[in-house]
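Reader: I would like a close look at one part of this model, taken slowly and with its surroundings included. Could you choose a single strand and describe what lies around it?

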Amino acid sequence: KIPEKGKVDLNVQASFEIRITAEEARRKVDHWLMEFVSTQMGADTPTLVIGGHPVWRVPAHISFPRAGKFDNVGVVNVDVVTGEMIDLNGAEKAIKEYLEKEVKHRVLKYESNAA
């Protein structure tokens, strides 16, 4: 576990080939979000995550005309070698749960105040 404060010594050695660029992963997720989750969603800049299997972790956002943009409403992992989007059912479920719990009431509140 990495502490929030203080000295950290971390040695990581990993060897893998990146065949899918961060931009390719972002575009792929962007298309999937708009096609299968919501036309108001989009993908942001991926982060390379090195763990059991290296992936591009692509954050998602959603935008509303009056309420604006809500960042980090979920993530989709993309395999850096194959370009496969991993566990799309789980990602979609997590995004929809987050939207219901954290975003919906803010959008409704904003729209009721604007009326």
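Author: What follows is a walk along strand β3 and outward from there to the parts that surround it. The model is a predicted one, and the description should be read with that in mind.

Strand β3 covers residues 55-64, and because 8 of its 10 residues are buried, β3 is largely enclosed by the rest of the structure. Its pairing with other strands is a good place to begin. Strand β1, residues 41-43, runs antiparallel to β3 and is joined to it by 3 bridges, and within this pairing M41 has I62 of β3 as its bridge partner. Strand β2, which spans residues 47-49, also pairs with β3 in the antiparallel sense, again over 3 bridges; here L48 is matched with W56 of β3, and a hairpin of 5 joining residues leads from β2 to β3. Strand β4, residues 68-79, is antiparallel to β3 as well, with 9 bridges between the two. These two strands form a hairpin with 3 residues between them, and F64 of β3 has G68 of β4 as its bridge partner.

The β3-β4 hairpin leads on to the aromatic residues. The structure holds 1 aromatic pair, made by F64 and F70, whose ring centres are 6.0 Å apart and whose planes stand at 75 degrees, so the pair is edge-to-face. Both of these phenylalanines are buried. A charged pair can be described alongside them: the side chains of K69 and D71 meet in a salt bridge, with an N to O distance of 3.4 Å. In contrast to the buried F64 and F70, D71 counts as partly exposed because its relative accessibility is 44%, and K69, with a relative accessible area of 47%, is partly exposed too.

From the strands we can turn to the nonpolar interior. The largest nonpolar core has 24 residues, of which V29, L33, M41, V73 and I95 touch the most other members. Strand β3 supplies at least two residues of this core, as do α1 (22-37), β1, β4 and α2. M41, already met as the bridge partner of I62, shows how these elements come together: leaving out residues up to four places away in sequence, M41 touches D30, L33, M34, A60, H61, I62, V73 and I95.

Helix α2, residues 88-114, also holds E92, an acidic residue that deserves a separate word. At 19% relative accessibility E92 counts as buried, because the cut-off for that class is under 20%. Beyond its neighbours within four places in sequence, E92 is in contact with W32, F36 and V37, and its side chain makes a polar contact of 2.8 Å with the side chain of K96.

Helix α1 carries charged residues of its own. E23 and R27 meet through their side chains in a salt bridge, 3.7 Å from N to O, and because they are 4 residues apart in α1, they are separated by about one helical turn. E23 is partly exposed, with a relative accessible area of 36%, and R27 is likewise partly exposed, at 45%. R26 belongs to this group too, since E23, R26 and R27 are linked in a network of salt bridges.

Methods. Residues numbered from 1 in each chain as written. Predicted model: local features only at pLDDT ≥ 70, side-chain atom pairs only at ≥ 80, totals over all residues. Heavy atoms only, no water. Buried < 20%, exposed > 50% of the residue type's maximum accessible area, 1.4 Å probe, protein only. Polar contact = N/O pair within 3.5 Å; in protein donor to acceptor, adjacent residues only side chain to side chain. Contact = heavy atoms within 4.5 Å. Core = buried A, V, L, I, M, F, W, Y, C linked by side-chain atoms within 4.5 Å. Phe/Tyr/Trp six-rings, centres within 6.5 Å; stacked < 30°, edge-to-face > 60°. Pairing = 2+ DSSP bridges. Salt bridge = Lys/Arg side-chain N within 4 Å of Asp/Glu carboxyl O.
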